[in-house]
Structures are given as structure tokens and as C-alpha cells.
Amino acid sequence: MARTGFYPGSFDPVTYGHLDIIARAARLVDKLVLGVGVHHGKQALIQAETRIALLEQVTKPISEHTGVKITVTTFDGLAVDAARKNHAGIIIRGLRDATDFDYEVQMGQMNGAMAPDIETVFLAASPATRMIASSLVKQIAKMGGDITLFIPREAQEALAKALKPSH
Ligand code: ADP
């Protein structure tokens with residue numbers, strides 16, 4: 001039976017850290033669904049449609065290389081509900097540090113209590129991309145810093161556009 005994974009996140013914007021997790025998750029599943037969270041009250045800088053288009057573009061090489069089908073969708077409720085809707089038995093999350101660990105394991109356990117049929121798989125961040133956080137990338141970009149080491153070119157362009165004053 002085909003194994004489907006669901007990787008939820010804000011991806012605001014997608015970083016090389018996310019791409020590392022996606023590439024490694026592709027070794028564990030046959031299909032991977034990326035869930036772009038669009039929750040009320042959680043304001044994103046980059047529009048959901050743009051975040052989806054970016055994820056589709058930058059994950060294409062991973063899909064071509066591994067043969068794993070990667071699709072992108074939005075969700076606005078619980079990750080377990082979105083995983084089930086997408087026929088995924090596995091939720092993928094990345095762990096950078098102890099802060100991620102505490103939060104992610106607690107959330108994974110609560111999700112496990114709500115949906116015992118869905119397993120959360122945590123992938124430890126790779127050393128080269130472990131320090132990357134979308135929130136810091138946005139702060140650096142706002143202050144005119146160089147973010148080329150942290151996010152793909154397509155995401156840099158979308159971020160620059162989103163930060164441009166609209167007048
Ligand atoms: P969320 O709002 O759900 O935290 P993010 O897009 O910030 O959305 O992160 C989505 C997932 O990717 C989380 O599990 C997070 O820990 C993981 N992640 C983010 N950045 C990295 C990174 N540099 N390395 C590994 N995992 C990461």
C-alpha cells in the first residue's frame with residue numbers, strides 16, 4: 001500500500017531547512033502532501049497562493065529525483081484532520097533545537113491522542129540548515145541583509161515583493 005506523508009507548516013517563506021526535511025521525508029513515503037497553514041489570526045507575510053506556487057516550484061527537482069509525488073494544499077484546521085483528508089498516515093515535522101523538541105513532541109502527542117491512526121515522524125534538522133527559521137529570514141530581509149544562504153532564489157523574489165511598500 002502506498003504510504004502518504006503530510007508535512008504541515010507556514011512556509012512563510014519556504015527555506016532550505018524545509019527543503020532538507022522535504023527531501024529526507026521523500027525517502028520515507030511514496031507520496032508527500034505539503035500543507036500550507038492558513039489559520040485565522042495567524043498573519044502571513046506572503047500570500048497563500050504564492051507560498052503554494054513557490055513550494056511547487058522548489059520541490060519539483062526533489063520529486064523528479066526521487067519519483068515521489070509531491071503535492072501542495074492549504075489547510076485551516078487541525079493537522080490531523082488535514083492529514084486524514086489527504087489520506088496520509090504520517091505527519092512529518094522538523095526539529096531544530098530543544099524549543100522545537102518540547103513544542104513539537106507535545107503537539108505530536110496531543111495529535112496522537114486525537115488520531116491514534118496517524119503517526120508523527122520527527123526529523124532532526126541537518127547541521128547545515130539547522131539554524132534557518134522563516135521568521136529570522138524575514139527580519140534579516142526587512143533590514144536589507146543577505147538571505148541567499150537561507151532560502152531559494154524564487155522565495156527571495158517573492159519575499160522582496162511582499163516587503164515592497166505598496167504605493
Ligand atoms: P509552523 O508555523 O508550523 O512552525 P514553519 O514553516 O515555521 O511552520 O515550520 C514547519 C515545520 O518545519 C516545523 O516542524 C518546523 O520545526 C520545521 N522547520 C522549520 N525550519 C526548519 C529547519 N531549518 N530545519 C528543520 N526543520 C525546520
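**Tour: the ligand and the aromatic pairs**

Select the ligand first: 17 residues surround it, and Y7, S10, K42, G94 and I132 come nearest (near means a heavy atom within 4 Å). This is a predicted model, with pLDDT of at least 70 needed for local features and 80 or more for side-chain atom pairs, while totals for chains, interfaces and linings use all residues. Numbering starts from 1 along each chain as its sequence is written, and side-chain values use heavy atoms, without hydrogens and water.

Colour the shell by class: six residues are nonpolar, six polar and five charged. Here Ala, Val, Leu, Ile, Met, Phe, Trp, Tyr, Cys and Pro count as nonpolar, Asp, Glu, Lys and Arg as charged, and the others, Gly among them, as polar.

Next, select R93. A polar atom of the R93 side chain sits 3.1 Å from a ligand oxygen. Go on to D100, where a side-chain N or O atom is 3.4 Å from an oxygen atom of the ligand. Then pick I132: a polar backbone atom of I132 lies 2.9 Å from a ligand nitrogen.

Now the aromatic rings. Two aromatic pairs are counted (ring centres of Phe, Tyr or Trp, its six-membered ring, within 6.5 Å; planes under 30 degrees apart are stacked, over 60 edge-to-face, the rest tilted). Select F6 and F75: their centres are 5.5 Å apart and their planes at 75°, so this pair is edge-to-face. F6 is buried at 0% relative accessible area (buried is under 20%, exposed over 50%, partly exposed in between; 1.4 Å probe, protein chains only). F75 is also buried, at 9%.

Finish at Y7 and F11. Their centres lie 5.2 Å apart with planes at 85°, so they too are edge-to-face.

How values were computed
Polar contact = N/O pair within 3.5 Å; in protein donor to acceptor, adjacent residues only side chain to side chain.
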